[in-house]
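User: I would like to learn how to read contacts, burial, sheets and helices in a model of this kind. Could you take me through some cases, giving the general idea before each one?

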Amino acid sequence: MAHRRRVSSTSSESGFSSASSLRTFPTPPVEISASSTEPLKGGRHKCKLSGSDNDNKTKSSKCLQSQKQDNEEPNYPDHTQDPAGMHLSGVQQIITAICATDLTLGLRRIPAGFHAVIKADGVEYQTSNISVNVDQAAIEWHERILLPCEPCSKVRVSVYASFELGPMLCHGELLRTFEISVGELLDRSEKSHPIMFQPKQQETVSACTSLLFTVEQQLSDQTDAAILCPPTTPTYHNMDALALGTDAGYRLLARYRRTQNSRDLEQCIKHFEHASDLCPVDHPCRPAVLFNLATAKFASCQAEGRCLDLDIPISLFQGALDLRPTGHPDRTVTQLHLAVALLWRFAKRRVQTDADAAKKLLGEVVGVCQPNSHIYRAAAIAMETCALHSARGINANDLGQEWHAPSILPLSPDQLAKQAQRCLERDEPSALDEVISLHDDALGYYSTGHACRGHLLGNLAMMLQTRFERRGNDKDLDQAIALQSEMLALCPVGHTDRSQSLNNLANHLSFRFHHRSNGEDLDEAITLQKEALALRPVGHTNRFISLNNLANQLSFRFDHRGNGEDLDEAIALHREALALRPVGHPDRSMSLNNLANHLSSRFDHRSNGEDLDEAITLQKEALALRPVGHTDWSMLLNNLATQLHSRFHHRGNGEDLDESRENLLCALTLLRQHDPRQLMVHESIAKVYLSFHRSEFHGTGPGENTDSLNAAMHHFKAAANIVSAGFLSRLRASLRWVLHAGQHLHGTQLEAYATSMQLLDAYMSVTASVSSRHNIMKEFPSIIVVDTASCALHSGDVGRAVELLEQGRTIIWNQMTRLRTPLDGLQTYDDHAVTLMKRFSDLSSLLDKPPASHPEGAPKVDVEAEATRYRRLVEDWNGTVEEIRKIEGFSRFLLPPLFSDLQDAARDGPIIMLIASKSSCDAIIIPHKQPPTSIQLPTDIQKLIKLVNTFQEAVDKETGHQQALTGALNELWNNVVGPVVENLGGLVRLGSRIWWCPTSLFSFLPLHAAGEYRERGKFLSQLYISSYTPSLTALIKARASRDRPTSMPFVVIGQNFPAGASFTLDAVEPELELVRKLLPPPPTVSFSKITSVDATKSRALCALRENTWFHLACHGTQRFDEPFKSAFLMRDQPLSLLDIAQMDLSQHHFAFLSACETAVGDFSTPDEVIHLAAGLQFAGVRSVVGTLWKVNDDTVQRLVKAFYERFCKGGTMNPKRAAQALHGAVQSLASDVNIPLAQRIVFVHIGI
């Protein structure tokens, strides 16, 4: 029988190092930033201190110390000794070819072309001007240039980037210039030895890295008609002055772009203005003169943020464009620059005509240029940015960051380091994303052998870790470690930077350990840190750093595994580190704090009061070394308070508890309003107040001091509402509030639950990919939603319980579908409402685009591109939603629905929500008009776990013995379904439809098949027709009225032998033919079929879009580890759940999924309901038939026939009839003893 089967407190030593000056920008002292996460108790080691290693300061200056100090002078190549005399006089030398490499490297403008100038014996020869494409590493000039006969004669070679292809005003920007003898040129030509160039002074990379000359010889009396002639002398009397002034302007503009020295830009503008004065209006070079002046003026406007002056460069660009008509070789580059200038002005003034004109210009550029040209690429990027800002409402500051003059290459490492520093100072998400993207681009250009690659790797790793700390995307942290590992590989044993690289990689691994608790990461970190310490013997300037970091990591391992030897070693290391910070040393306070924290940890482990006393003494000394108001004071007070709190619990001295509270309240007052460390202090205060509540102080008995309990909950709540702390920290704080409110049955328990769910939704909303969202869900308690609902039920508010369930479940689906919300109703309002509607639609469309997929192990470049784009838009999308809510009638737009709205889901029959929480298991029956009722079920979490396991084992056995399965179905009836049925009698008549909306463990039970499996027993299937729905909102949307179709396009898709399959599904073709025969004939149904080699992923996707009714017969695979990769297997590649989720199937009516496990979710996140059938309904399909486990071909053939006979009865089809048709088909198979029970109940209906 064939089956359709499943197929830290430590920190990096270096800051942001630049490759030229290689300055170090250290991170803030770790004792402050780290301790802001958690109080000392429980999360103490987050408070430990780590120094900042300045190794880079010495190392960095060595990188370029041999380079020249004035990059305006010629940059000489690596000459060999002049081989004069090796070649005979009287023989003519002719350059026949010149090959140059990397001509665009380091340029900050898009050149029109490149040319070379050869000057010998007072005669100057200029090659043709040749363009270069994006994917072109080298360029060749094939022109014959006459050289002097004498081998010792000198030749000056210059390479230029020009900025016009038409009449050239001057040479352009000088890239390389040098002198070389004719003899050496010939010698290098014979040996094919190129001339290699080093970067210019203050540049890590420079354009034109090599030149290779091909030189031929001929007798001097021979003539050569193909010899390149010197350029003719210009007839215009001021042409020399015009060209010289323009060349000077180019040099100054290039230097300005490199150094950002405003005086260079001012002088550049003066030269270009003088050139404009010299050039007549009818001169062929006039457009180039206007273009150059416009470029410099625009750069000045950008640098100084002057919006009023933008009219000047725009007018100049327009003037140049008017003189470069259609067909002119420089028209497209002029259009590009004019478009960017118009976009800039639009950002400042918001005049729509500017944006429209820019779009038109960019469209013309893209339509004319080749896709591999630099101009095309810059225009395409401009169009994408224009569309993005049009959707979000252009922000001038954002545009200023993103739109400098069009450039083609990454910033230098020096510039990147400065960008990174400014980015962290501003703490702007979009700026951080941009800097990371720029680093990615730079790594693509600086190969493994480049001297500055290591610094780029280190800086990018630090930026990625920073972004991880702020947003929690695992990929950032993994990539940071991969980059640090590559950096270590560049520092083998004996390398001067090895100890620093070891330290930094160890710290990143330690940080990942804190996030994932993988002990192997911590073991590797300690091994690396010990090697780093060994490379820093006594007397080494950075030994303190390795001592401190190794001590902290050993302490982390102690916390993880409980080996006291690790903690003892950590304390010994901290004592040595403290000895290196004697009295008077500015870092002594930091070292005292670290040792105190570790001694406090050892007290927690061994209860040795001497350790705690010493810790408090050291902490007080650390505090005394900081003046009142010092930035460290609040955290030092917090740590001291935590230790005093511990001593109170150890000895019961009320003075310690009082002092702890006073210190914490003082610490709180020292923190500014938006300081994220408030969260940690609030939590510490809350814990102290809980101790007051439990104590017998203040004249009350234990537990009677409700004022202290209320104060504790107040501070837990305050911690969860510190906006500056970020969503992740606030979410964790809210969960601790939930814990303590639940333990004390406090009145804020329900509020704490609701806050947690809001923060979880908000935290997930800034994550671009659905797989990342799923990983986030796995990190938090899977039962928080049902516990929240249970809390509401116990308070007597059944409607609120339903609202909370709907808000906290299927978050991933809800975030995807909210981006597809129609706003047609806004069209009847004013122009502002219509503008908001368009902006919301555009932003939602941009956010809803699927992230780019990359193969495993792909480089970081491009992998984060979609996530970056997503995060940039989230804030603007939220702002637009808030504006829409201000419009009358839209106040609850995209807010969690109220129960009065949700009750409409029960229009066609009652809905039963099943809740399995740690406190109780309940059912909520929701009728259409009457109030909801709740029933406490006679079961609990442990019984449900056992029941789910029993079902799985019984189904997997596939034997004729069905006793285990029937026993489980009996138990399901007795403890769950039976009590619900008893309460349905007054709400719905027998034989009617009911809908199940299970949560948590109930999601894995075949509720529709429950019954008393004995003679004359009761069965649910004999009483009601069951359907399922993943959420009430999904059912309401499925019921929404749609246009009645004039025809019913129905496609059957079958794949009997997909890629990677081990056997053929022989029954697929007969099944598809059976469906065809049973469907109503044309014109009622328009039938099509895709099967065999035609059933590829792309063809299937196309067919699903074009047909609103479909039947799938193939292998199905459910990925419990990555449920969004669950898929229908096609001939070439899988059609995944993610592919389906990103489709708009809002006009689709019906789907029959004849494959295995299409309606079973992920055990780690059951309330997200991530499976193929649910994905189709959330994508828009109204009615879906799926399977709970694997299904065999014999069952499928019989059930498909029975189903479609009923579904198509009377020659028509209705999606509402699917549940009844499936119910009848299953009933018709009940008497067939050849079909096992597990196969008879495998199919389920989802939807209307």
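Analyst: Let us begin with contact, which means heavy atoms within 4.5 Å. Please keep in mind throughout that this is a predicted model. With that cut-off, and leaving aside neighbours within four places in sequence, L1199 is in contact with F1152, L1222, A1225, V1226, L1229 and F1243.

User: In which helix is L1199 found, and is L1199 buried or exposed?

Analyst: L1199 is found in helix 44, which spans residues 1193-1207. A residue is called buried when its relative accessible area is under 20%, and L1199, at 1% relative accessibility, therefore counts as buried. As for distance along the chain against distance in space, L1199 and Q1239 are 40 residues apart in sequence, while their C-alpha atoms are separated by 9.9 Å.

User: How much of the protein chain is buried, and what does the chain expose?

Analyst: Of the 1248 residues in the protein chain, 59% are buried. The chain exposes about 49900 Å², of which carbon and sulfur atoms supply 51%. Its secondary structure comprises 46 helices and 25 strands.

User: How should I read a sheet, and in what order do the strands run in the one that contains strand 7?

Analyst: A sheet is read through its strand order and the sense of its pairing. Here 4 strands form an open sheet in the order 4-3-7-8, with antiparallel pairing. Strand 4 (123-126) and strand 8 (173-181) each have a single partner strand, so they stand at the edges and one side of each is left without a neighbour in the sheet. From one strand to the next, the twist averages 20 degrees. Strand 3, residues 113-120, pairs with strand 4 in the antiparallel sense over 4 bridges, and K119 stands opposite E124 in strand 4. Helix 4 (residues 182-191) lies across strand 7 (154-162) and strand 8, running at about 100 degrees to strand 8.

User: Which strands form the sheet that includes strand 20?

Analyst: That open sheet has 3 strands in the order 19-20-21, and the pairing is antiparallel. Its edge strands are strand 19 (1116-1117) and strand 21 (1134-1136), each of which pairs on one side only. Strand 20, residues 1127-1129, pairs with strand 21 over 3 bridges in the antiparallel sense, with L1129 opposite P1134 in strand 21.

User: What should I look for in a single helix, and which residues of helix 6 are buried?

Analyst: The general idea is that an α-helix has 3.6 residues a turn, so residues three or four places apart point the same way. In helix 6, the buried residues are D264, L265, C268, I269, F272, A275, S276 and L278, and they pack against helix 5 (239-259) and helix 7 (286-304). Helix 6 runs over residues 262-278 and has 17 residues, reaching 25 Å from its first C-alpha to its last, close to the 24 Å expected at 1.5 Å a residue. N261 caps the N-terminal end of helix 6, where a side-chain oxygen lies 2.9 Å from the backbone nitrogen of R263.

User: Finally, where is the place of H1171, and what lies 3.0 Å from a polar atom of its side chain?

Analyst: H1171 is in the loop between strand 22 (1150-1154) and helix 43 (1172-1179). A loop residue can be read by the same burial cut-off, and H1171 is buried, with a relative accessible area of 6%. The backbone nitrogen of A1174 lies 3.0 Å from a polar atom of the H1171 side chain.

Note on methods: Residues numbered from 1 in each chain as written. Predicted model: local features only at pLDDT ≥ 70, side-chain atom pairs only at ≥ 80, totals over all residues. Heavy atoms only, no water. Pairing = 2+ DSSP bridges. Helix = DSSP H or I, 4+ residues; strand = E, 2+ residues; numbered from the N terminus. Axes fitted to C-alpha atoms, helices over the stretch in contact; angles between N-to-C directions. Buried < 20%, exposed > 50% of the residue type's maximum accessible area, 1.4 Å probe, protein only. Polar contact = N/O pair within 3.5 Å; in protein donor to acceptor, adjacent residues only side chain to side chain. Expected span 1.5 Å × (residues − 1). Areas by Shrake-Rupley, 256 points an atom, 1.4 Å probe, with all protein chains shown as cover.
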